[in-house]
Amino acid sequence: MNDRPALELRGIRKAFPGIVAVDGVDLTLQPGEIHALVGENGAGKSTLAAIAFGELQPDEGSVAANGTVGLVHQHFELVGRLRVWENVLLGREPRRGWRIDAEAARARVLDVAQRNGLEIDPDAIVETLPVGVQQRVELLRELDREPSVLLLDEPTAALAPSEIEAFFATIVRLAQRGTAIMIVTHKLQEVIAYSSTVTVMRHGKITATMPTARTSIDAIAQAMVGGEVPALAAREERPRTPVLRVRDLRCGQDERRIDGISLYVASGEIVGIAGVEGNGQSTLADCISGMTNFDGSVEIEHGDRPKMGVIPQDRHREGLVMGWSIVDNVILGRQEALRRGALLDRDRARVEAALIEERFDVRAANLDVAVRTLSGGNQQKIVVGRALIDQPALILAYNPTRGIDVGAAALVQSRLIEARNGGAAVLLISFELDELLTVADRIVVMYRGRIVGAFDRTHFDRTHFDRTAIGRLMAGSQ
Amino acid sequence: MNALNRFGPLFAALLVIVLMSLAMVVARTSPIEGFTALLTGALGGPNQLGETLVATSALLFPALGICLAFRAGLFNIGAEGQLLIGALFAGAAGAQLSIPGPLGIVVLLVLGAIGGGIWGGIAGWMKARFDANEIISTLMLNFVAAAVALALVSGPLKGPLATGAETAWLAPAYWLPILIPHTRLSAGLLLALVIAAILQWVFRATVFGYELTAGGEAPEAARRSGINISRLTWIALTLSGAIAGIGGATIVTGELHRFNTQLSPGYGFTAIAVALVGDLQPLWICVAAFGFGILESGGLAMQASAQVPKDTIHIIEGLIILVLAARRYVATRVEKVQAA
Amino acid sequence: MEFLLALIVLTLIKATPIIYAALGGVISERSGVINIGLEGMMAAGAFTAVLVTYATGQPLLGVLAGVLAGAFAGLILGVAATRFKVDQIVAGMGINLIFAGGAAYGLVLVFNQPGASKQVAALGGNYWVLVLLAFALALLLHWVLMKTPWGLRIRACGENPRAVTAAGVDPLALRTLAVTISGALAGLGGVFLSIGELNLYSDGMTAGRGFIALAAVIFGRWNPLGATAASVVFGLFEALQYVLQGKIPWLPADAMQALPYIAALVALAGVTGKVRAPASDGVPY
């Protein structure tokens, strides 16, 4: 190892129309260090990572890398229908004449895997592999290029706790051999556990850089938000009557399979579904919201309230018509409520949109702008506001705070708690255990399409013990 | 939304003028001479204006049908066949009808709608039931329609006195009233304008219009909002075909007064350009249809007196479609810049 | 026996242009671009072949020019779909109008007669080479797609272009090239129609074969060999139309013209939903 930094960013500035995403950032990565880059959504960390990787050109400043730079994407950029070796060696295929030398390719993948202590079947079709193994494929693709700098963008977002441990074991080993690692993340516990240095970004600038050993989760969180994290609405207790009853639900196949799920949610409580992505949560949500056929029964006791408000998983694809105005999006899914004969009551929709804008603090020039032009947080506020506005008996929320900033997330969570206080039954599916521990009254854990455990707030509110237990169940161990 | 979108049709008109000039130069004609021929041929007198409006009307029906399907996210490129079958239904029935005149006309138009509706509905059913690509199926159905129509009017439906492949003439009682005396322009044009107004209202004010366009813009979000997409699919393609079919029936009852396999020189295809140039807005489509009507009727005159091939128009239609498609890309970029 | 032989020969002849277009469809869609413009690319190839043969008296030059014309049409769609991110379907329809209209324009401009060109010195008996070449190209394309680095990248590009970017290859360049080749193949299909099977270009002679080819792509599951087999099936129905003419008393000859189209419709309904298109087919990147 020489003394030259593995990666040196000097005076980086990058502006997009109307916003300065990165504003005068200096950052140095030394060989063998694990550097965590944290910040809220929109703080500029992904832009900075893209510049470091060379995907984006900075407007000002310089990037100097001593060797190649690799990037592991948050949403793996893999080809599901191709084999592992085809994915790993895409673009650098070993050849024999005009053809790909498949034998050499297999050997090379196995070799890279072995050297990094990763187990892999080079001939497996990627889409059939569990998420954790898919990430291994993505990692192998980068490692094959022997990078001196490895950037990891939210690498553990889709992993179970045990997979996370194994993943970081690999990363630590890489660092020990001299690779400079930069992890972009919002999971502060991982930052504390595995990084050597932490840099906090806010509004495109670096607000703090400190050795991890001399800081704490609270200190980092405060630097991220630039003050106190907004408080959530208080919970109020009220009598509970059953609203949602699910009995012995069976549906779907493979990753989407659910296999005999029974649960209930009462009015005035939030039931959280904990689990790693791909354990049947989507299918459960689809069954309850009537989007698919299933065996078993789903009963909803809704009295004189409307039956259900749904916050779908993917707001862009499933929740909004991106080219339409806020008013027209507030109508979506509520056509019957707004129907006047054959006509649509757009005047009422406009009043409701204004109400949502106010209650959810939606930042938009006016109610007629296309939702495509709004930030992710504001889009999500519209989706949530629309689901709550008719005061439904059941609220089905699927990762309602994914990809939005801390302030917007706190607001969404508060509104869910208020709906619960007002007598709604809330089923909250989330991949973030922390969110469930903060918001839910009860937590049930899903693993491979079954419910493998249930926890009550009276326990997990006070003890750290349940957190570990839930994490273990999510990973499939008892 | 923004200036580029709002002035799309004007932009297209400008493009047409530039491209036509180019085509005239290639054909060794001065653009002034060419355009004079074109405009005199299309608008030079009541007769010429009448023919232009006849073409406008013939383009407007299929363009409105296409607009409805496209707004629902369905690429119906089978308007030609739907129009032909609508005309066939009207022509076959009209030749044998014996009920009072006005009622008879209504019956013929309804039959046109039914014929076109069936033809569009087949593609809709195939899409809803088997997820069969509607682009391919509607185009295949054009050829099937042509073959079926030809076989029928060469055989069982052939008029007793007809020399070519056509039905017998309709009794004058079943002819649509003429709008401009001594021209072929019939009241069909008014019907087309009424349908355009209704469509505009349906898109803007009704629940059905909302659900239709939601299904077209964001199918998954629409499905999750409780809209039955496969039902919408076959309804949209059936209605789309029905509107084109009425167009076919108006050609039969309004101008030809019989069914003839040559009755459409590709109106159903040109109508795709009309619908796109009109930005899929029914009222703009009326304007676009008039513009293309000028090209259709003036094109013949231009070919005759200025030796510029009429097919220039089809090249230009294609280029307009390409450029308009690219304009959308430019427009979204502008929108993004404005938003950020 | 003689009947059967005639049917086989006619089937191969009728299948050939569809095979070329379908192979073009396969490579384009495997790279992630739906090529609705195959029909126009065939027309471009068919007309240009006649034009150049007419001008030079050399049918081989005509073949070459037809292929280049198809490739040019493909390049336009490729650039539109990648650099300008236009709606691929709308752009494809534009291509069809431009080149079908362009050929009709050319008929009037060059031959001074609408409807059909003058007769030219066509390939004559040598058209069999093009029939055999179609099958050879099917095998070649299959090998290229499945066994070579470039084929792997094309397939990856149609599934997830971002993965191709992550691997350091430009997916837009790959797509543009694939659609250009697609156009060249469709152009060759057009060449076969005009100076292979016949010796002139007539307006509308492609008769929806570009779309039948798209149905063959789906029926053949986006695989060159499958698409070729499907094209032969459609060719068979087209051949049957001629062979059976007058043999079925209750079915008029005019109605039989619908046969290949109905076959394509049935195939379309029968297989879609059961097969899986490339994941990013038709999705701009």
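Two strands pair if DSSP finds at least two bridges between them. In this predicted model, strand β21 (residues 442-447) of chain A and strand β22 (residues 450-456) of chain A are joined by six bridges and run antiparallel. One residue pair shows the register: A:Ile443 has A:Phe455 as its bridge partner in β22(A). The two strands make a hairpin with two residues between them. A:Arg448 lies in that turn and has a positive phi of about 45°.

β21(A) also pairs with strand β14 (residues 269-274) of chain A, through four bridges, and here the strands run parallel. A:Ile443 appears in this pairing too, as the bridge partner of A:Gly272. As for its surroundings, five of the six residues of β21(A) are buried, so the strand is largely enclosed by the rest of the structure.

Chain C is built from other elements. It has twelve helices and zero strands, and its pattern along the sequence is accordingly a run of α elements. The radius of gyration of chain C is 18 Å, close to the 19 Å that the globule rule gives for 285 residues, so chain C is as compact as a globular protein of that length. Its C-alpha trace spans about 60 × 45 × 30 Å along the principal axes. Of the 285 residues in chain C, 60% are buried. Among contacts in chain C between residues at least 6 apart in sequence, 79% join residues at least 24 apart.

The two chains also meet. Chain A gives 16 residues to the contact and chain C gives 15 residues. On the side of chain A that touches chain C, seven residues are charged, six are nonpolar and three are polar.

Note on methods
Residues are numbered from 1 along each chain as its sequence is written. Chains are lettered from A and ligands numbered from 1 in the order in which they are written. This is a predicted model: local features need pLDDT of at least 70, side-chain atom pairs count only at pLDDT 80 or more; totals for chains, interfaces and linings use all residues. Two residues are in contact if their C-beta atoms, placed from the backbone, lie within 7 Å. Ala, Val, Leu, Ile, Met, Phe, Trp, Tyr, Cys and Pro count as nonpolar, Asp, Glu, Lys and Arg as charged, and the others, Gly among them, as polar. A residue is buried if 20 or more other C-beta atoms lie within 10 Å of its own, exposed if 12 or fewer, and partly exposed in between; C-beta atoms are placed from the backbone. The radius of gyration is taken over C-alpha atoms; the globule rule is 2.2 Å times the number of residues to the power 0.38.
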